[in-house]
Amino acid sequence: MAVTIKTTEEIALMREAGRLASEVLEMIEPHVQVGVSTGELDRICHDYIVNTQKAIPAPLNYNGFPKSICTSVNHVICHGIPSDTKILKDGDIINIDITVIKNGFHGDTSKMFLLGNAPIHAQRLVKTTQEALYLAIDMVKPGVRLGDIGHAIQQYAESRHYSVVREYCGHGIGRIFHEEPQVLHYGKPNTGLELKTGMTFTIEPMINAGSRYTRLSKSDGWTVTTKDRRLSAQWEHTLAVLDDGCEVLTKRSEERF
Ligand code: MF3
Ligand code: CO
Ligand code: CO
């Protein structure tokens with residue numbers, strides 16, 4: 001399947017799905033507290049998506065994923081599986097990744113939460129990763145190439161002595177959760193796909209405090225951790241390319257673009 005260009009009507013549906021995904025992150029925030037389990041956060045999000053939003057949590061049963069959201073704590077990079085035995089503690093950092101399907105279209109977004117008094121090095125990693133996403137979003141417009149965006153993220157992270165995860169990337173999104181193109185968070189300027197009006201995709205940099213290398217859990221087949229067990233952070237938005245820039249389909253109220 002090639003890269004799809006969405007019509008104005010399709011982008012309106014993507015906007016609705018994106019809004020719902022962002023609202024789940026806003027809804028869950030007050031529940032992200034020391035002492036709560038990631039399993040409980042999953043149940044709260046699942047019930048809200050299904051009962052309040054009348055939408056579908058896309059991760060549930062996606063390629064066999066067993067839960068409705070991803071919860072990735074500390075050295076977990078992505079695809080952490082919520083569990084009743086994983087209790088958040090003071091100083092933890094957690095990524096909560098929400099994907100909903102509404103009227104056949106996907107909205108995909110994630111953010112980091114800091115629990116209590118997170119160490120300054122953790123705060124700095126989380127902030128830098130968010131800034132990397134924001135600078136990438138600022139670049140998105142027709143004519144820009146994916147390699148330009150990947151390069152900018154990589155430069156920003158590496159200039160701060162962090163590393164960029166290579167094995168997982170952003171992706172085209174629409175009626176299909178993960179479609180073309182692959183949106184790498186590293187690269188070379190003037191390479192890769194040229195953006196066109198009507199493309200919709202995610203940018204979701206995963207930035208490690210230590211080395212870029214990853215490890216996939218052999219026991220659950222999903223949980224991706226840093227090989228060196230140092231911290232990792234991730235932020236994600238779903239975007240639509242417009243004639244004069246882009247629209248952040250998963251923007252939260254606290255954000256200005
Ligand atoms: N939401 C993730 C992404 O940003 C994908 C999760 S797939 C799952 O692409 F199966 F782990 F849920
Ligand atoms: Co995604
Ligand atoms: Co996601």
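**Figure 1. Strands E14 and E15 of the predicted model pair in the antiparallel sense over 4 bridges.** The structure shown here and in the following views is a predicted model. A hairpin joins E14 to E15 through 2 residues. Within this pairing, Leu 242 has Gly 245 of E15 as its bridge partner. Strand E14 covers residues 237-242, and strand E15 covers residues 245-248. Strand E14 is also joined to strand E9 (residues 200-203), by 4 bridges, and these two strands run antiparallel. In that pairing, Thr 200 stands opposite Ala 240 in E14. Of the 6 residues of strand E14, 5 are buried, so the strand is largely enclosed by the rest of the structure.

**Figure 2. An open sheet of 3 strands has the order E3-E12-E11.** The pairing in this sheet is antiparallel. Strand E3 (76-78) and strand E11 (214-216) stand at the edges with a single partner strand each, so one side of each is left without a neighbour in the sheet. From one strand to the next, the twist averages 40 degrees. Strand E12 (residues 224-226) is joined to E11 by 3 bridges. One of the residue pairs between them is formed by Leu 216 and its bridge partner in E12, Val 224. Strands of a sheet pair through backbone hydrogen bonds, in either a parallel or an antiparallel manner.

**Figure 3. Thr 225 lies in strand E12.** Is Thr 225 buried or exposed? Its relative accessible area is 8%, and because this value is under 20%, Thr 225 is buried. Leaving aside neighbours within four places in sequence, Thr 225 is in contact with His 75, Val 76 and Ile 77, and also with Tyr 213, Thr 214 and Arg 215.

**Figure 4. Four protein residues supply donors to the cobalt ion (ligand 2): Asp 108, His 171, Glu 204 and Glu 236.** The donor atoms are OD of Asp 108, NE2 of His 171, and OE of Glu 204 and of Glu 236, lying 2.0 to 2.2 Å from the ion. The angles among the 6 donor atoms of the cobalt ion (ligand 2) run from 52 to 159 degrees, and the site is irregular. For comparison, ideal angles at a metal are 109.5 degrees for four tetrahedral donors, and 90 or 180 degrees for six octahedral ones. Along the sequence, the donor residues of the cobalt ion (ligand 2) are spaced D-x62-H-x32-E-x31-E. The pair of His 171 and Glu 236 links distant parts of the chain, with their positions 65 residues apart: His 171 is in strand E7 (residues 170-172), and Glu 236 is in the loop between strand E13 (232-234) and E14. Both His 171 and Glu 236 are buried.

**Figure 5. The cobalt ion (ligand 3) is coordinated by Asp 97, Asp 108 and Glu 236.** Asp 97 is listed twice through OD, Asp 108 contributes OD and Glu 236 contributes OE, at 2.0 to 2.3 Å. Among the 6 donor atoms of the cobalt ion (ligand 3), the angles are 58 to 166 degrees, and this site is irregular. The donor residues of the cobalt ion (ligand 3) follow the spacing D-x10-D-x127-E in sequence. Asp 97, in strand E4 (residues 93-102), and Glu 236, in the loop between E13 and E14, are 139 residues apart and link distant parts of the chain. Both Asp 97 and Glu 236 are buried. Which residue bridges the cobalt ion (ligand 3) and the cobalt ion (ligand 2)? Asp 108 does so, and the two ions lie 3.3 Å apart.

**Figure 6. Tyr 186 lies in the loop between strand E8 (179-183) and E9.** Tyr 186 has a relative accessible area of 23% and is partly exposed. Not counting residues up to four places away in sequence, Tyr 186 touches Gly 150, His 151 and Gln 154, together with Val 164, Val 165 and Arg 166. From C-alpha to C-alpha, Tyr 186 and Glu 167 are 11 Å apart in space, and they are 19 residues apart in sequence.

**Figure 7. The protein as a whole contains 4 helices and 15 strands.** Its radius of gyration is 17 Å, close to the 18 Å that the globule rule gives for 257 residues, so the protein is as compact as a globular protein of that length. The C-alpha trace spans about 45 × 45 × 35 Å along its principal axes. Buried residues make up 55% of the 257 residues. Of the contacts with a separation of 6 or more, 71% are between residues 24 or more positions apart.

Definitions and conventions
Residues numbered from 1 in each chain as written. Chains lettered and ligands numbered in written order. Predicted model: local features only at pLDDT ≥ 70, side-chain atom pairs only at ≥ 80, totals over all residues. Heavy atoms only, no water. Pairing = 2+ DSSP bridges. Axes fitted to C-alpha atoms, helices over the stretch in contact; angles between N-to-C directions. Buried < 20%, exposed > 50% of the residue type's maximum accessible area, 1.4 Å probe, protein only. Contact = heavy atoms within 4.5 Å. Donors = N, O, S within 2.8 Å, 3.2 Å for Na, K, Ca; no water. Tetrahedral: all angles 85-135°; square planar, octahedral: opposite > 155°, others 65-115°. Rg over C-alpha atoms; globule rule 2.2 N^0.38 Å.
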